[in-house]
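Got the model loaded and a cursor ready? Let's take a walk through it, one selection at a time.

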Amino acid sequence: MKDLKVVLFDMDGVLFDSMKNHTESWYLTMSKWNIPCTKDEFYLHEGRTGAGTTRLLFNRELKREPSDEEIKAVYEMKTFHFNALPKALPMPGALELLQKIKAQGIEVCVVTGSGQVSLLSRLDSAFPGIFDEKHLVSARDVTKGKPDPEPYLKALKLMNVSADEAIVIENAPMGVQSAKAADIFTVTVNTGPLDEKMFYDLGTDKLYPSMQSLADNWSLLYAEIINQ
Ligand code: MG
């Protein structure tokens, strides 16, 4: 690596412990639609749009495409259940890691498939003074989401760095695919129930079992990356 100038952070399941709310609300919604599924499978679908997840389950279980009305109704129900759950807390270890990175003069940027309007205020209240409002790529900035490389390529451009001056922190299979397709060194934090082998098969360069573990090992990882 030339120099580490920017760390690109995914949000759900990395900065916020929000994945269990997503899986719970998807599971409740699909169960009400009498569509068999497991809670854990939604960790695999992380990064897919609501319409994409709905299409996948309708095709698999009902052997048909959902109508546009059904896609809309499913997503409204999912959002209703999601909003009824207690707000997700910052991921343990995330603030510590962000502070270590910032103290080294390295920039940080958020790259998320979320399109929530309240994104910035959430980031700011959980991680005060860490994120610049301009350093954000959200669902509203891309035409193709993860696993396409577009979100991470957009982030490199936004931060004015090349792929060998950045690393990605991800928790989802499709996020790792997106980052690797953009040719960026990728660190997986396996904060969900998925088998770590899946992430190695997708090409992740490093894997830690939690954000706390990554925060604890940051200095070692930094030295390793820089000397590559
Ligand atoms: Mg994620």
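What follows is a tour from the whole chain down to single side chains.

**Before you click**

This is a predicted model, in which local features need pLDDT of at least 70 and side-chain atom pairs count only at pLDDT 80 or more, while totals for chains, interfaces and linings use all residues. Residues are numbered from 1 along each chain as its sequence is written, and side-chain values use heavy atoms, with hydrogens and water left out.

**Stop 1: the whole chain**

Show everything as a cartoon. You should find 11 helices and six strands; these are DSSP runs, numbered from the N terminus, with helices being H or I of at least four residues and strands E of at least two. The C-alpha trace spans about 50 × 35 × 30 Å along its principal axes. A compact globule of 228 residues would have a radius of gyration near 17 Å, and the chain agrees, with 17 Å (taken over C-alpha atoms; the globule rule is 2.2 Å times the number of residues to the power 0.38).

Now switch on the surface. The chain exposes about 10800 Å², with carbon and sulfur atoms supplying 54% of that (Shrake-Rupley method, 1.4 Å probe; for residues, only the protein chains shown count as cover). Of the 228 residues, 48% count as buried, where buried is under 20% relative accessible area, exposed is over 50% and partly exposed is in between, with a 1.4 Å probe and protein chains only. As for contacts, meaning heavy atoms within 4.5 Å, 65% of those between residues at least 6 apart in sequence join residues at least 24 apart.

**Stop 2: the sheet**

Hide the surface and colour the strands. In what order do the six strands of the open sheet run? Reading across, the order is E3-E2-E1-E4-E5-E6, with parallel pairing (two strands pair if DSSP finds at least two bridges between them). E3 and E6 are at the edges with a single partner strand each, so one side of each has no neighbour in the sheet.

**Stop 3: strand E5**

Select residues 185–189. Why is E5 described as largely enclosed by the rest of the structure? Because five of its five residues are buried. Turn on the side chains: Phe185, Val187 and Val189 point one way, Thr186 and Thr188 the other, and all are buried.

Add residues 166–170, which are E4. E4 and E5 pair in the parallel sense over four bridges; look for Val168 opposite Thr186, and for Ile169 opposite Val187. Bring in helix H8 (173–181) and you have E4, H8 and E5 as a right-handed β-α-β unit. Right-handed here means that, with the strands pointing away from the viewer, the path from the first strand over the helix to the second runs clockwise.

On to E6, residues 206–208. Three bridges join E6 to E5, and the two run parallel, with Val189 standing opposite Tyr208. Here the helix is H9 (196–201), and E5, H9 and E6 make a right-handed β-α-β unit.

**Stop 4: helix H7**

Select residues 150–159. Which residues of H7 are buried? Glu150, Pro151, Tyr152, Ala155, Leu156 and Met159. Those buried residues pack against E1, E2 (107–111), E3 (136–137), E4 and H8. Just after H7, check the backbone of Asn160, which takes a positive phi of about 60°.

**Stop 5: Ser18**

Jump to the loop between E1 (6–9) and H1 (19–32), where Ser18 lies. Ser18 is buried at 1% relative accessible area. Its side chain and that of Asp12 are joined by a polar contact of 2.5 Å (a pair of N or O atoms within 3.5 Å; within protein, one must be able to donate a hydrogen and the other to accept it, and residues adjacent in sequence count only if both atoms are side-chain atoms). Leaving aside neighbours within four places in sequence, Ser18 is in contact with Asp12, Gly13, Phe82 and Ala88.

**Stop 6: helix H3**

Finish on residues 50–62, starting with Thr53. Thr53 is buried, with a relative accessible area of 1%. Not counting residues up to four places away in sequence, Thr53 touches Trp26, Phe42, His45 and Arg48.

Phe58 also lies in H3, and is buried at 0% relative accessibility. With the same kind of exclusion, up to four places away in sequence, Phe58 touches Trp33, Ile35, Lys63, Arg64, Pro66, Glu70 and Val74. For a last distance, pick the C-alpha atoms of Phe58 and Gln228: they are 45 Å apart in space and 170 residues apart in sequence.
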